[in-house]
Amino acid sequence: MLDAISRRCSVRSYTDAPVAEEDLRQVLEAALSAPTANNVRPWHIVVVTDAAKRAKLAQAHQWARFCAQSPVVLVFCADAGHQPHWWIEDTCAALENALIQATDLGLGTCWIGIRGGEGGREPGPEREEFVREALDIPATIRVLGLVSLGHPAGELTPKPPGPMDAVHRESW
Ligand SMILES: Cc1cc2nc3c(=O)[nH]c(=O)nc-3n(C[C@H](O)[C@H](O)[C@H](O)COP(=O)(O)O)c2cc1C
């Protein structure tokens, strides 16, 4: 497990090779096996392979452009009405599981933030609305983020783990 976790890195360049249906199924199964608060499972995932739709998603913001190139984009959403407090944590856990499983299968991924936030240089509510409109996602559903998925083009350079001095034992 640690091997897949430490080999994961953000991939922003992909070959044209499609993702095998069985690989996609395993990535989705990993996502849908994540823990959720009170086992509510508020998540929804939209699988996008259509080139025109991916090209549209690539315009969600300037750091999403490679969605036009990856053969698959997974759109991680949640029914926040069903789980108002924990939907972000629940959906992040599912998304991270998908990244790790994809890495284990030799696929490349990148987490692309979408959720409307507090503004500044981060994606705002208009990004979320853009994705909702592009894919007919109901207004009641929140869009957490996208995952580009495909076969990496070129060498990967995973980062080393963060330093252990971020770990505090017994107390700070
Ligand atoms: C919440 C979140 C949002 C992110 N949004 C983007 C994004 O919009 N575009 C992008 O290219 N990378 C995005 N990333 C990827 C980060 O830039 C990347 O994880 C970080 O630079 C560390 O590199 P690594 O993933 O290769 O370890 C995001 C990552 C997280 C966790």
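**Exercise 1. Determine which residues of helix 2 are exposed and which are buried, and where the buried ones point.**

On one side of helix 2, Glu22, Arg25 and Glu29 are exposed. This is read from a predicted model, so every statement below concerns that model. The next step is to look for the buried residues of helix 2, and these are Leu24, Val27 and Ala31. Viewed down the axis of helix 2, the buried residues fall within an arc of 60°, so they line one face of the helix. The last step is to ask what this face meets, and the buried residues of helix 2 pack against strand 1, strand 2, helix 4 and strand 4.

**Exercise 2. Carry out the analysis for helix 5, naming its buried residues and what covers them.**

Begin with the buried set, which in helix 5 consists of Arg127, Glu128, Val131 and Ala134. Around the axis they cover an arc of only 125°, which puts them on the same side of helix 5. Turning to the face directed away from this buried side, one finds the exposed residues Pro125, Glu126 and Glu133. The cover over the buried residues of helix 5 includes helix 3 (51–57), strand 2 and strand 4. Finally, follow the chain past the end of the helix: Asp136, just after helix 5, takes a positive phi of about 55°.

**Exercise 3. Describe the largest nonpolar core and say which element gives the most to it.**

The largest nonpolar core has 37 residues, among which Leu57, Val73, Leu146 and Val147 touch the most other members. Two or more residues each are given to this core by helix 2 (21–31), strand 1 (43–48), strand 2 (72–78), helix 4 (87–104), strand 3 (108–113), helix 5 (125–135) and strand 4 (142–150). Of the elements, strand 2 gives the most, with seven residues. To see how one core member is surrounded, take Val147 and leave aside its neighbours within four places in sequence: the remaining contacts are Val73, Leu74, Phe76, Leu95, Ala98, Leu99, Thr109, Cys110 and Trp111.

**Exercise 4. List the residues around the ligand and sort them by class.**

The residues around the ligand are Cys9, Ser10, Arg12, Trp63, Ala64, Cys110, Trp111, Ile112, Gly113 and Lys159. Sorting this shell by class gives six nonpolar, two polar and two charged residues. A link to the previous exercise can then be drawn, since Cys110 and Trp111, which belong to the ligand shell, are also among the contacts of Val147.

**Exercise 5. Place Asn97 in the fold and find what it touches far along the chain.**

Asn97 lies in helix 4. For its burial, count the other C-beta atoms within 10 Å: there are 19, and Asn97 is therefore partly exposed, given that 20 or more would be needed for a buried residue. Next compare sequence with space, where Asn97 and Leu32 are 65 residues apart along the chain but 8.4 Å apart from C-alpha to C-alpha. Setting aside neighbours within four places in sequence, Asn97 is in contact with Ala30, Ala31, Ser33 and Ala34. One of these, Ala31, is a buried residue of helix 2.

**Exercise 6. Locate Arg41 and Glu170, and state their phi values and exposure.**

Arg41, found in the loop between helix 2 and strand 1, has a positive phi of about 50° although it is not a glycine. Because 17 C-beta neighbours lie inside 10 Å, Arg41 counts as partly exposed. Glu170 is found in the segment after strand 4, and its phi, near 70°, is likewise a positive value in a residue other than glycine. With 4 C-beta neighbours inside 10 Å, Glu170 counts as exposed.

**Exercise 7. Summarise the protein chain as a whole, from its elements to its dimensions.**

Count the elements first: the protein chain has five helices and four strands, and along the sequence they follow the pattern α-α-β-α-β-α-β-α-β. The radius of gyration is 16 Å, close to the 16 Å that the globule rule gives for 172 residues, so the chain is as compact as a globular protein of that length. Along its principal axes, the C-alpha trace spans about 45 × 40 × 35 Å. Buried residues account for 33% of the 172 residues. As for contacts between residues at least 6 apart in sequence, 80% join residues at least 24 apart.

How values were computed
Residues are numbered from 1 along each chain as its sequence is written. This is a predicted model: local features need pLDDT of at least 70, side-chain atom pairs count only at pLDDT 80 or more; totals for chains, interfaces and linings use all residues. A nonpolar core is a set of buried Ala, Val, Leu, Ile, Met, Phe, Trp, Tyr and Cys residues joined through C-beta atoms within 7 Å. A residue is buried if 20 or more other C-beta atoms lie within 10 Å of its own, exposed if 12 or fewer, and partly exposed in between; C-beta atoms are placed from the backbone. Two residues are in contact if their C-beta atoms, placed from the backbone, lie within 7 Å. A residue is near a molecule or strand if its C-beta atom, placed from the backbone, lies within 6 Å of it. Ala, Val, Leu, Ile, Met, Phe, Trp, Tyr, Cys and Pro count as nonpolar, Asp, Glu, Lys and Arg as charged, and the others, Gly among them, as polar. The radius of gyration is taken over C-alpha atoms; the globule rule is 2.2 Å times the number of residues to the power 0.38. The arc is that of the directions from the helix axis to the C-beta atoms.
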